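Colleague: Please take a close look at one part of this model for me: any space shut away inside it. Then carry on from there into the strands and helices, and keep it connected.

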Amino acid sequence: MLRYRDYFPLAADREARSGGGPDHRLSDLLPVGILVTDRDGKCIHSNLAYQKICGWNNDELMGSHWSAVVHPGDHARVIRQWDEAVLGQTPFLSEVRLKHANGKTVWVRRKAVPVSSRRPDRGYVHTVEDIGIYKAEQRAINDAESQLFEEKERAHAALESVTDAVVMTDIGGRVSYMNLVAETLTGYSRHEAVGRPLTEIFSLVDPETQDPLDDLAWRVIRSGRAIGMEANAVLVSRDGSEHAIEESANPIHNRYGAVVGSVIVFHELCFSREAMSRMAYLAQHDPLTGLHNRSAFYERFEQAQAMAQRHGKQMGLLFIDLDNFKGINDSLGHESGDMILTALAGKLKSCVRSADTVCRYGGDEFVVLLGEIAEASHAHAVADKIRESAAEPMVIAGREVSLQLSIGVSVYPEDGEIVEDLVKTADSAMYRLKKTKKPLVLRGRLVHGSHPPLGLI
């Protein structure tokens with residue numbers, strides 16, 4: 001086994017130092033590193049280019065084994081390759097790291113052949129080329145390819161997760177990609193679709209005449225401009241079923257700005273309208289009673305306030321609380337409690353005008369906004385009407401029930417000009433009224449069923 005002192009002996013023999021015979025000064029003119037070794041691999045000559053690559057001068061290299069400058073991490077591999085080449089009498093070629101005299105790492109391509117093909121015992125000529133720039137470019141290319149692959153994978157995952165259907169085409173209008181939603185709506189798998197004209201997969205007809213519509217891909221490819229959402233087409237799927245859709249299309253550009261394809265995005269229109277309508281409704285209404293929620297109440301207050309100011313009118317605000325609602329839930333159950341809240345919502349709406357706003361403020365609390373009233377007494381009159389309506393018996397889960405309400409009243413602009421002040425005033429009035437009432441006693445009669453009477457509230 002070679003040891004370090006075998007690589008860099010303290011002194012080389014005189015023949016080695018003399019360069020082994022012929023004058024080698026011509027090799028110093030070559031840009032490629034040249035190293036000449038004896039049959040044992042020890043250096044007998046090196047040119048200037050090789051000395052520059054490894055960082056050692058000729059005197060330091062003389063008599064050293066050629067592998068002395070190989071990076072420790074590559075040494076075992078390179079020696080194994082060298083032994084195989086020598087035994088097989090084949091040229092030696094390897095890309096390997098060198099450890100420069102200054103400690104830096106240098107990538108080189110090393111090739112070695114016998115000085116004489118007939119006399120391999122006469123030694124070897126090594127050519128050594130610095131390939132650091134090539135390796136750096138190779139790493140950059142590999143990094144770019146990895147980054148591009150990751151970006152394509154992320155884009156693919158994103159397209160597969162969206163709820164819209166997506167179809168892409170090349171410059172010839174042939175399908176190059178489609179996501180799972182597009183597969184479902186068209187009836188074609190992506191493997192069947194790729195490479196086929198878009199019109200074969202994405203067949204659109206006029207909803208009224210059933211005439212075929214223009215190819216979206218060709219429209220955007222020819223014009224180079226996007227087509228916004230359109231809701232005037234019917235997609236005929238593979239099995240003949242029809243889907244009213246909303247679609248858009250955009251050209252795909254390369255890095256130079258040239259159009260190289262198109263992307264079409266579409267979804268079923270009926271689903272879109274139903275979903276949007278449902279979402280808009282839930283954003284404004286209480287899901288149990290169907291009344292406006294607190295958010296909608298504040299919006300409608302601003303609108304009513306603007307109208308009252310324009311016409312020089314007042315507004316009334318009623319803050320309503322259902323007395324002893326906890327007792328109702330405990331006695332009749334939460335399901336019956338929900339039925340009572342829903343029934344009360346209907347009574348409230350029947351006592352006001354269609355232009356007024358009834359809101360479930362929270363729990364068993366309700367707010368009524370009376371827009372454009374002539375005088376404050378009108379608000380109190382509506383409060384009395386609501387109390388009387390709530391007290392009228394109604395049947396809930398087989399029991400006759402009547403309700404008692406506590407209602408506080410505030411008037412715009414007398415009690416405040418902003419909604420928070422009016423709500424606070426009406427809420428305070430409601431609680432003052434509630435404190436003056438005596439505790440309620442359950443009484444009444446059973447309408448049908450076998451349970452004991454829980455009665456009027």
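Modeller: By cavity I mean a set of grid points where a 1.4 Å probe fits but cannot get out. Keep in mind that this is a predicted model. With a threshold of 30 Å³ or more, there are two cavities. I'll stay with the second largest, which has a volume of about 40 Å³. Its lining is made of Leu35, Cys43, Tyr50, Leu61, Ser64, His65, Trp66, Ala68 and Val69. Sorted by class, that's seven nonpolar residues, two polar ones and no charged ones.

Two of those names lead straight into a sheet. Leu35, one of the lining residues, falls in strand S1, which covers residues 33-37. Cys43, also in the lining, falls in strand S2, which covers 43-46. S1 and S2 run antiparallel and are joined by three bridges. For leucine 35, the bridge partner in S2 is serine 46.

Step back and the sheet has five strands: it is open, ordered S2-S1-S5-S4-S3, and paired antiparallel. S2 is an edge strand, and so is S3 (92-99), each pairing on one side only. From one strand to the next the twist averages 25°. Helix H5 (residues 72-88) packs on this sheet and touches S3, S4 (105-114) and S5 (124-130). The direction of H5 makes about 160° with that of S3, and since angles over 145 count as roughly antiparallel, that label fits here. Helix H6 (residues 132-161) lies across S3, S4 and S5 as well, at about 120° to S4.

Further along the chain, what is worth following is isoleucine 264 in S11. On one side, strand S6 (residues 165-170) runs antiparallel to S11 (residues 259-268), with six bridges between them, and valine 167 stands opposite isoleucine 264. S11 also pairs antiparallel with strand S10 (residues 242-253), through nine bridges, and here alanine 249 stands opposite isoleucine 264. S10 and S11 form a hairpin with five residues between the strands, where glycine 257 takes a positive phi near 90°.

The next sheet is an open one of four strands, in the order S13-S14-S12-S17, again with antiparallel pairing. Its edges are S13 (357-362) and S17 (405-412), each pairing on one side only. The twist averages 20° from one strand to the next. S13 and S14 (residues 365-373) share five bridges, and arginine 360 stands opposite phenylalanine 366 in S14. Helix H12 (residues 294-311) packs on this sheet, touching S12 (314-322), S13, S14 and S17. H12 makes about 20° with the direction of S14; angles under 35 degrees count as roughly parallel, so that is the word for this pair.

Last, a helix pair. H13 (residues 325-332) and H14 (residues 334-350) have axes that come within 7 Å and cross at roughly 130°, which makes H13 oblique to H14. On the H13 side the contact uses Phe325, Ile328, Asn329 and Leu332, and on the H14 side His334, Ser336, Gly337, Ile340 and Leu341. Those contact residues split into five nonpolar, four polar and no charged. Charged residues are likewise missing from the lining of the second largest cavity, where we started.

Notes. Residues are numbered from 1 along each chain as its sequence is written. This is a predicted model: local features need pLDDT of at least 70, side-chain atom pairs count only at pLDDT 80 or more; totals for chains, interfaces and linings use all residues. Side-chain values use heavy atoms; hydrogens and water are left out. On a 1 Å grid over the protein atoms alone, a cavity is a set of points where a 1.4 Å probe fits but cannot get out, and a pocket is an open set with protein on both sides within 12 Å along at least five of seven lines; lining residues have an atom within 4 Å of a point. Grid points are joined across faces, edges and corners, and a volume is the space filled by probe spheres set on the points. Ala, Val, Leu, Ile, Met, Phe, Trp, Tyr, Cys and Pro count as nonpolar, Asp, Glu, Lys and Arg as charged, and the others, Gly among them, as polar. Two strands pair if DSSP finds at least two bridges between them. Helices (H or I, at least four residues) and strands (E, at least two) are DSSP runs, numbered from the N terminus. Axes are lines fitted to C-alpha atoms, for helices over the stretch in contact, and angles run from 0 to 180 degrees between N-to-C directions. Contact means heavy atoms within 4.5 Å. Angles under 35 degrees count as roughly parallel, over 145 as roughly antiparallel, 65 to 115 as roughly perpendicular and the rest as oblique.
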